[in-house]
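The following exercises are to be worked through with the sequence and the model open side by side. Each task is followed by a solution in steps.

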Amino acid sequence: MTLALGITAGAPAADFMLTPAETVKVEARGVVMRPTLDASQRRGTVRAAVLIDAPPVVAFEMMTRCSEAVIYVPHLRVCRVRERAADGTWEIIEHEIDFGWYAPRVKWTFRAEFSPDYTIAFRQVSGDFKTNEGRWEFEPVANGTRTLLRYHATID
């Protein structure tokens with residue numbers, strides 16, 4: 001069975017259409033990644049997609065809890081909510097990532113803005129990057145029982 005995993009018109013993170021081969025990879029529980037670097041190889045863009053066996057509300061809830069962040073952020077050592085809106089529409093979050101002996105720890109603080117069950121937009125407010133911003137989008141598929149999670153980030 002093939003899912004209809006096409007782009008939603010006008011969706012900023014879903015700025016790429018999965019090819020037939022990528023659709024097969026996502027359906028087989030693979031992750032599609034499309035990284036690009038600028039000529040200086042300092043600034044890059046990453047687009048990614050993965051299929052999650054849970055409805056968007058469940059995937060969104062998991063991804064907005066620091067206690068769960070270590071599952072989907074490689075090398076994450078610290079996740080701390082420093083501030084949050086009373087209405088739950090945004091948080092200021094601190095991350096520290098340790099790549100091991102071959103690279104220094106990376107620290108950054110970002111503002112995450114939430115559109116429940118649909119998007120998490122983030123942008124750096126301080127830290128070791130010049131730029132780190134993007135968004136996660138949660139697209140219901142299979143009658144809403146699964147989620148196509150799309151990611152787009154620009155990092156310098």
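**Exercise 1. Confidence**

What pLDDT does the protein chain average, and what share of the residues score at least 70?

*Solution.* This is a predicted model, in which local features need pLDDT of at least 70 and side-chain atom pairs count only at pLDDT 80 or more, while totals for chains, interfaces and linings use all residues. Residues are numbered from 1 along each chain as its sequence is written, and side-chain values use heavy atoms, with hydrogens and water left out.

Step 1. pLDDT is the predictor's confidence in each residue, from 0 to 100. The protein chain averages 88, and 90% of the residues score at least 70.

Step 2. Helices (H or I, at least four residues) and strands (E, at least two) are DSSP runs numbered from the N terminus. Among these elements, β6 has the highest mean pLDDT, 97, and helix α3 (residues 66–72) the lowest, 86.

Step 3. Over residues 5–13 pLDDT stays under 50. For this stretch the model has 23 contacts (heavy atoms within 4.5 Å) beyond four places in sequence.

**Exercise 2. The sheet**

Determine the strand order of the open sheet and identify its edge strands.

*Solution.* Step 1. Two strands pair if DSSP finds at least two bridges between them. The eight strands follow the order β1-β2-β8-β7-β6-β5-β4-β3, with antiparallel pairing.

Step 2. β1 (32–37) and β3 (76–84) each have a single partner strand, so one side of each is left without a neighbour in the sheet.

Step 3. Axes are lines fitted to C-alpha atoms, for helices over the stretch in contact, and angles run from 0 to 180 degrees between N-to-C directions. With direction ignored, neighbouring strands of this sheet are turned by 20° against each other on average.

Step 4. Two strand pairs may be examined in detail. β5 is joined to strand β6 (residues 119–127) by eight bridges, and F114 has I120 in β6 as its bridge partner. β3 is joined to strand β4 (residues 90–97) by seven bridges, with I93 in β4 as the bridge partner of V81.

Step 5. The hairpin of β3 and β4 has five residues between the strands, and G88 in the turn has a positive phi of about 75°.

**Exercise 3. Helix α2 and the rings of F60**

Which strands does α2 lie across, and with which rings does F60 pair?

*Solution.* Step 1. α2 lies across β2 (44–52), β5, β6, β7 and β8 (146–155), and runs at about 155° to β7.

Step 2. Rings of Phe, Tyr and Trp (its six-membered ring) pair if their centres lie within 6.5 Å; planes under 30 degrees apart count as stacked, over 60 as edge-to-face and the rest as tilted. The structure holds nine aromatic pairs.

Step 3. F60 and F114 form an edge-to-face pair, 6.1 Å centre to centre with 80° between the planes. Because F60 lies in helix α2 (residues 56–63) and F114 in strand β5 (residues 106–115), the pair ties together parts that are 54 residues apart in sequence.

Step 4. The rings of F60 and F138 have centres 5.3 Å apart and planes at 65°, so this pair is also edge-to-face. F138 belongs to strand β7 (residues 132–141), 78 residues from F60.

Step 5. Buried means under 20% relative accessible area, exposed over 50% and partly exposed in between (1.4 Å probe, protein chains only). F60, at 8%, counts as buried; F138, at 1%, is buried; and F114 is buried as well.

**Exercise 4. N132 and T154**

Are N132 and T154 buried or exposed, and which residues do they contact?

*Solution.* Step 1. N132 is found in strand β7 and is buried, with a relative accessible area of 5%. T154 lies in strand β8 and is buried at 14%.

Step 2. Leaving aside neighbours within four places in sequence, the contacts of N132 include W108, F122 and T154. Counted likewise, T154 touches R43, G44, T45, T131, N132 and E133.

**Exercise 5. Positive phi outside glycine**

Where do R29 and H75 lie?

*Solution.* Step 1. R29 lies in the loop between α1 (20–27) and β1, with a positive phi of about 75° although it is not a glycine. R29 is partly exposed, with a relative accessible area of 46%.

Step 2. H75 lies in the loop between α3 and β3, and its phi is near 70°. H75 is partly exposed, at 33%.
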